[in-house]
Amino acid sequence: MNLGACGKYPGMEDDMERRKGINNDDLKKRNRGLILQLIAAGEANTRMSLTRKSGLTKMSVTNIIDEFLEKNLVHEGEKEYQEVQGRNPATLEISPKAPKIIGLLINREYLAAVLCDFQLHVQKKKRISFSKDAKEMFLPHIFELVDEMLAGEENVLGIGVASIGPLDVEKGVILNPPRFHGIKNVQIKDILQEKYGFPVFLDHPYNSAARAEKLFGYGRNVSSFAFVGITNGIGAGIYVDGKILQSPGGLGSELGHMSIDYHGIQCECGNRGCVENYASVNVICDKAEAALGRKVDFAECCALYREPAIDRILSDAVEKLCVCLVSVVNLINPEVIFMGHESVELPDCYMERMEQIINERKLSTEYSKVRVMKASFGKEQQLVGAVCNVLNPLFSGKMLL
Ligand SMILES: [Zn+2]
C-alpha cells in the first residue's frame, strides 16, 4: 500500500484545511478515505449503500471500489439477500490481506500494545508493567511490544501512540509527565519512525479514546460529545462540531482538575477542590474500604452498590462529578457524555442518575437533552483508541495515494 505525506496534527488539521483550497488530488484522497471508513465502520457494505451514504456518484464509488479490490484493501463477501427479483449485490468487506495497525498505550503503571485491523478488531495484545528500572527499560519494553505485534505480519500501516502528557502532539514528543519514573523528553514519534519505517501518530489517551468512539462507537453520528474516563484520575476527550478539541499547549482536556469547591481539598496541581479528589477510583475505593472494613477494588465496590453505605459513596461521587459535567455541558453543549474506563463498572442506575442531574441543572433544558451512556469499548478504549490515531488520517484520505 502506498503511503502519502501524512501526519501533521490530528484534530488541528481540519482547522488548517479550512484555510486553504482543496485541489483535485486532495478531494480524491478524501473520497477514498470516506469510502474506506464507511466499509470499515460497517455503515455501508454494497456499492449502492456506499453511493447513498457518501453522496458520491455511482461511477466514483465503482472506481474507488475497483481500486480497493486491486490493492487488496477490500474483498467481495457474501451476496446480500434481496427480496426483490434481480441480481443480488455483493457485499464489500475489509480484506484479511489489508494492512494492520499497531496501537501503543503509555501509562504511568504499564505499557500495552495491540494489533488491529481497519475495523478495530483486536488480533494481538500484550502488556508490560513497569518495575523499578522503568526509566532504563522504557524504550526496550516499547520495542519488545512493537516487535511482538510485528511478528509474522507482513503488512503494517503505522503505529498509533496514546501517552500520558504533557505532549507535543505535532512533533510527537512525550514532554515531562509528572511522577513518570524520571522519563521525559522522549521523541517517541521520531524514534519509532526511524526504527520501524512506519508513520507514527501520538495523542493523549483520552483524545485517543474519544477518537475510537467517533470512528467506531456510538459517537459515529454525534458531532459534539465528551468522552469522560475515570481511573485514579479523571480526564476527557472532547469533540465539538465534529472536531476534536486539541490545544497546542501540551495538555489534554484535564477534566479532573476542574474545581467544584474553591474552599475544597488542596490538589497537587496547586488548585483547590479539583473533582478528581472526590470522584476518582482510588478515592471511592478508600471510602469503601473504610465503610466495609476491608479492601475492595472498584469492580467489587460497584457490584456491592445495593449496600446502603456503598450506594451513599457512589452516589456522592456521581453527584460531585455532575457538578463539573454540568459546567462542561453549558460550555460545549455536547449531545452525549460517554463514560469510559473504570466507570463502565458503574451500575446503569448511576448513569441514569447522572443523566437526570445534568439535564435538571444545565441551561436550556427544554430545548435539548444530554444523554449519558457507557463508552463503546469498555476499559480497552484508550488502547484501541491509539490505533484510531492512525485510522483517523487514513479515513481522512491523508495516508492514501
Ligand atoms: Zn487539581
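Two strands count as paired if DSSP finds at least two bridges between them, and the strands themselves are DSSP runs of E with at least two residues, just as helices are runs of H or I with at least four, each numbered from the N terminus. With that in hand, let us walk through this model, which is predicted: local features need pLDDT of at least 70, side-chain atom pairs count only at pLDDT 80 or more, and totals for chains, interfaces and linings use all residues. Residues are numbered from 1 along each chain as its sequence is written.

A good place to start is V161, which stands opposite L202 in strand 9. Strand 6 (residues 156–163) and strand 9 run parallel, joined by 4 bridges. Within strand 9 (residues 200–203), V200 and L202 point one way while F201 and D203 point the other way, and all are buried (20 or more other C-beta atoms within 10 Å of a residue's own, with C-beta atoms placed from the backbone).

Now step back to the sheet. It is open, with 5 strands in the order 5-4-3-6-9 and mixed pairing. Strand 5 (122–129) and strand 9 each have a single partner strand, so one side of each is left without a neighbour in the sheet.

Over at strand 5, 7 bridges tie it to strand 4 (residues 110–116), and the two run antiparallel. Here A113 stands opposite K126 in strand 5. Helix 5 (residues 134–150) packs on the sheet, touching strand 3 (100–106), strand 4, strand 5 and strand 6 (contact means C-beta atoms, placed from the backbone, within 7 Å).

Key. Buried ≥ 20, exposed ≤ 12 C-beta atoms within 10 Å, placed from the backbone. Contact = placed C-beta atoms within 7 Å. Axes fitted to C-alpha atoms, helices over the stretch in contact; angles between N-to-C directions.
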